[in-house]
Amino acid sequence: MKKWIIFSTVFLVSLSLVISILVLWKADAPFNDMEKKAEQLALTSKSLAIVSDSYAYNGNKPYVTVFGVDEYGKEKAIFVPITLEENAIQEVFLQDGITKEQALAVLHDEATVKKILHTKLGYEQQGAVWEITYLNNTDQLNYVYILFEDGQWWKRILNL
């Protein structure tokens, strides 16, 4: 009887683990598919010659931010709308704005940060922005948006 209880427990735990992994994998599949399509569009539209990274950015309008190098060797970020409309693609040269580290330094100068959750480059009405999500010292969620062009604050959503 004891062996059956141990077997049943191990079986149920293993089954739960496998199901959890499958659910997480399937939930991430649409994002991976959209990122691959956006990367392909950035290459076929000749906006980039080499793609190095990409991720989804959900602002007022959802975009996929694709990083890479153009045919002249300049690093760029391409903002591809999820509709995959080639004429709606926006782009910035990374040398023309502040880096991720500089955006984080702007945040640290004015806020008490306990933990950075993520930092993403995205596109809004104002242009390219760094979206930084963090927890403050009282574990409250905060979003700040810093303009890519000059490092000025654009928007703050604090203490959620």
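W4, F7 and F11 form one aromatic cluster in this predicted model. The count of aromatic pairs comes to six. One of them joins Y63 and Y123 in an edge-to-face arrangement, with 5.7 Å from centre to centre and 70° between the planes. Y63 belongs to strand β2 (residues 62-69) and Y123 to strand β5, so this pair ties together parts that lie 60 residues apart in sequence. Y63 and Y123 are both buried.

Y123 also pairs with F79: the ring centres are 5.5 Å apart and the planes stand at 40°, so this pair is tilted. Here, too, distant parts of the chain are linked, since F79 sits in strand β3 (residues 75-81) and Y123 in strand β5, 44 residues apart. F79 is buried, as is Y123.

Two positively charged side chains lie over aromatic rings, as tabulated below.

| Charged residue | Ring beneath | Distance to ring centre |
|---|---|---|
| K74 | F93 | 5.6 Å |
| R156 | W153 | 3.9 Å |

Helix α2 offers a further view of the packing. In this helix, which spans residues 100-110, the buried residues are A103, L104 and L107. Viewed down the axis of α2, the buried residues fall within an arc of 100°, so they line one face of the helix. The face turned away from that buried side carries E101 and D109, which are exposed. The packing partners of the buried residues of α2 are four strands: β5 (115-124), β6 (127-135), β7 (141-147) and β8 (153-157). Strand β5 thus appears in both settings: the buried residues of α2 pack against it, and Y123 of the edge-to-face pair lies in it.

The overall architecture can now be set out. The protein chain contains two helices and eight strands, and along the sequence they follow the pattern α-β-β-β-β-α-β-β-β-β. The radius of gyration of the protein chain is 21 Å, well over the 15 Å that the globule rule gives for 160 residues, so the chain is more spread out than a compact globule. Along the principal axes, the C-alpha atoms fill a box of roughly 70 × 45 × 25 Å.

Burial and contacts complete the description. Of the 160 residues, 34% count as buried. Among contacts between residues at least 6 apart in sequence, 33% join residues at least 24 apart. The accessible surface of the protein chain comes to about 10300 Å², and 57% of this surface belongs to carbon and sulfur atoms.

Key. Residues are numbered from 1 along each chain as its sequence is written. This is a predicted model: local features need pLDDT of at least 70, side-chain atom pairs count only at pLDDT 80 or more; totals for chains, interfaces and linings use all residues. Side-chain values use heavy atoms; hydrogens and water are left out. Buried means under 20% relative accessible area, exposed over 50%, partly exposed in between (1.4 Å probe, protein chains only). The arc is that of the directions from the helix axis to the C-beta atoms. Contact means heavy atoms within 4.5 Å. Rings of Phe, Tyr and Trp (its six-membered ring) pair if their centres lie within 6.5 Å; planes under 30 degrees apart count as stacked, over 60 as edge-to-face and the rest as tilted. A charge sits over a ring if NZ of Lys or CZ of Arg is within 6 Å of the ring centre and within 35 degrees of the ring normal. The radius of gyration is taken over C-alpha atoms; the globule rule is 2.2 Å times the number of residues to the power 0.38. Accessible areas come from the Shrake-Rupley method with a 1.4 Å probe; for residues, only the protein chains shown count as cover.
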